[in-house]
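Visitor: Got a minute to walk through this one with me? I'd like the overall picture and then some of the odd spots.

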Amino acid sequence: MAGTLPDWLGWWTSADYDVARTVLQRGFGALYALAFWGALHQFRPLLGEHGLQPVPSFVARTHWRDGPSLFRWHYSDRLLVAVAWCGVVLGASVVVGLPQAGPWWVPMLVFLTLWWLYLSLVNVGQTFYAFGWESLLCEAGLLVAFLGSGAVPVPILMVVAVRWLLFRLELGAGLIKWRGDTAWRDLTALSYHHETQPLPGPFSWHAHHLPRWWHRFEAVGTHVSQLLVPWLLLLPQPFPSVAGAVFVLTQGWLVLTGNFAWLNWATIVLALGVVDDGTWAWLGGLVGLSDGAAAASSAAEPSVPLTFVIVVGAVALLLLVLSVRPALNLVSRHQRMNASFEPFRLVNAYGAFGSVTRHRDEITVEGTLATEPGPDDWVEYEFRGKPGPLGRRPPQVAPYHLRLDWLMWFLPLGHSARWFTVFLRRLLEADPATLRLLRRDPFDGRPPRTVRAVLHRYRYTTPDERRRTGDWWVRERLQLAVDPVRLPDS
């Protein structure tokens, strides 16, 4: 059933967010495709039947209420591959606009499928999926599902829901910093962060060596963009568009200076999704583009199916109820960071870097073929993203997420890591799937006789050291983190 809405529901739709809808749907379609592509290449060695934290064992000791997942009914590596490929294909279909060309319920079903399949990965992903951007992708995917297609106007309730998500994402990150570490309050945090962040990028060395006044300016800018600017999202236009522009600029700097998986890119998509068509038309005019938004707004407004109104209204009411605990979390002195308050991850709490490490300690993994190894017999495995060889420039890997490398960063911080013991065993077995997670296997597929883990302290080279040596890092050996281990039958 379709038709014109009654006058008292005239507020329900908006003709001002057609561009925003396109950006949100295609942007998160791309991020879902990327996330499932990563699962194709990493999930099985990390969490598969013979992974470091096998899903079947996890499911056997936990309950469905702890995390609903397709894989609680059955898990196999073959099913995982089918799910991941399904996610890649559906995400790519949204990028090219296929579901959006149909009725309103077609993109809804596509995004709900993406949401459920990815939630199924996250809720059995354990340590390797315990990141805030996993919940962010789930929550954003659910919101975007109810934006409809080109056959219906954009529902204003979902526009408000996107603003509410972006508000919590930015303000939560700002509050956790202000409450969490004196380095943020005395404006010294960015003097350390570019060097000690989990996975530095190609320009992180350069950012670290910027003047001290610039690092203080970065810290002030962080507080302004995350503590003050989010409030603009609660005001009428053009204030949300201004906030979106600020977030795009600040997140762009983070993209340039670090590797935070798709967190920054998801935030950029959300920020672009709060910009109205009038602002897009104005920006287009500045660069000489025709006013397509104005032409679109002059066309007849599409009819609104009553079913669409009821579905979106019910979802908005559910999100409103579920927003109570995340809202209270924002004002709590004991604010939780990157927390979900219900197992479907519909409305979550966010935050990042509530504390900043002052030194960079790294676990390096070494192996040897020698029966009685001497000091020169040990050679080092190289990881894809984390620091290792001193002369290797930190690579750009985001928005791709290197899960093993991120977990390696947490090891020296004292996080529990039973998976690391299994990881060392897989190296001793020369397990091909595990070795494919690495950048270089020094033994070319041969099993080493012994492996060990060494704790090093890394720091960036100074500009003078870099000119003399060509290295990006200097490191000092601190101690053995794990004594040499062998397989029992060797």
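**Walking through the model**

Guide: Let's start at Tyr129, which sits in the loop between H4 and H5. Keep in mind that this is a predicted model.

Visitor: Is Tyr129 buried or exposed?

Guide: Tyr129 is buried, with a relative accessible area of 3%.

Visitor: And which residues does Tyr129 touch?

Guide: Not counting residues up to four places away in sequence, Tyr129 touches Ala39, Phe43, Leu47, Tyr118, Leu121, Val122, Glu134 and Arg403. Tyr129 also belongs to a cluster linked by ring pairs, together with Tyr32, Phe36, Phe43, Phe71, Tyr75, Tyr118 and Trp262.

Visitor: How far is Tyr129 from Arg446?

Guide: Their C-alpha atoms are separated by 30 Å, and the two residues are 317 apart along the chain.

Visitor: Back to the rings, then. How many aromatic pairs are there?

Guide: The count comes to 35 aromatic pairs. One of them is Phe128 with Trp419, an edge-to-face pair at 5.4 Å centre to centre with 65° between the planes.

Visitor: Where do those two sit, Phe128 and Trp419?

Guide: Phe128 is in the loop between helix H4 (105–122) and helix H5 (132–145), while Trp419 is in helix H18 (residues 418–428), so the pair ties together parts that are 291 residues apart in sequence. Phe128 is buried at 0% relative accessible area, and Trp419 counts as buried too, at 2%.

Visitor: Let's zoom out. How many helices and strands does the protein chain have?

Guide: The protein chain has 20 helices and 12 strands.

Visitor: What's the radius of gyration, and what would a compact globule have?

Guide: The protein chain has 24 Å, and a compact globule of 490 residues would have a radius of gyration near 23 Å, so the value agrees with that. Along the principal axes, the C-alpha trace spans about 85 × 55 × 45 Å.

Visitor: What percentage of the residues count as buried?

Guide: Of the 490 residues, 54% count as buried. As for the surface, the protein chain exposes about 21,600 Å², and carbon and sulfur atoms supply 63% of that.

Visitor: What about contacts along the sequence, what share join residues at least 24 apart?

Guide: That's 76%, taken among contacts between residues at least 6 apart in sequence.

Visitor: And the charges, how far apart are the mean positions of the positive and negative ones?

Guide: They are 4 Å apart, with 42 positive and 37 negative charges in the protein chain.

Visitor: Okay, backbone oddities. Which peptide bonds are cis?

Guide: Two to look at here. The bond from Gln237 to Pro238 is cis, with omega near 15°, and Pro238 is in the loop between helix H10 (212–228) and helix H11 (239–257). The bond from Ala398 to Pro399 is cis as well, with omega near 10°; Pro399 is in the loop between strand S9 (382–383) and helix H17 (403–410).

Visitor: What is the phi of Asn338?

Guide: Asn338 has a positive phi of about 55°, although it is not a glycine. Asn338 lies in the loop between helix H16 (324–331) and strand S5 (339–340), and is partly exposed with a relative accessible area of 33%.

Visitor: What about Arg345, what's its phi and where is it?

Guide: Arg345 also has a positive phi of about 55° without being a glycine. The place of Arg345 is the loop between S5 and strand S6 (348–349).

Visitor: And is Arg345 buried or exposed?

Guide: Its relative accessible area is 18%, and buried means under 20%, so Arg345 counts as buried.

Visitor: Switching again: where is Gln25, and what is it in contact with?

Guide: Gln25 is in helix H1 (residues 18–47) and is buried, with a relative accessible area of 3%. Leaving aside neighbours within four places in sequence, Gln25 is in contact with Val94, Gln100, Pro107, Phe111, Val144, Leu147 and Gly148. The C-alpha atoms of Gln25 and Val224 are separated by 29 Å, with their places 199 residues apart along the chain.

Visitor: Last one, which residues is Thr196 in contact with?

Guide: Beyond neighbours within four places in sequence, they are Val356, Thr357, Arg358, His359, Arg360 and Trp409. Thr196 is in helix H8 (residues 189–196), and is buried at 3% relative accessible area.

Methods
Residues numbered from 1 in each chain as written. Predicted model: local features only at pLDDT ≥ 70, side-chain atom pairs only at ≥ 80, totals over all residues. Heavy atoms only, no water. Helix = DSSP H or I, 4+ residues; strand = E, 2+ residues; numbered from the N terminus. Rg over C-alpha atoms; globule rule 2.2 N^0.38 Å. Buried < 20%, exposed > 50% of the residue type's maximum accessible area, 1.4 Å probe, protein only. Contact = heavy atoms within 4.5 Å. Areas by Shrake-Rupley, 256 points an atom, 1.4 Å probe, with all protein chains shown as cover. Lys, Arg positive; Asp, Glu negative; His and termini not counted. Charge placed at Lys NZ, Arg CZ, Asp CG, Glu CD. Phe/Tyr/Trp six-rings, centres within 6.5 Å; stacked < 30°, edge-to-face > 60°.
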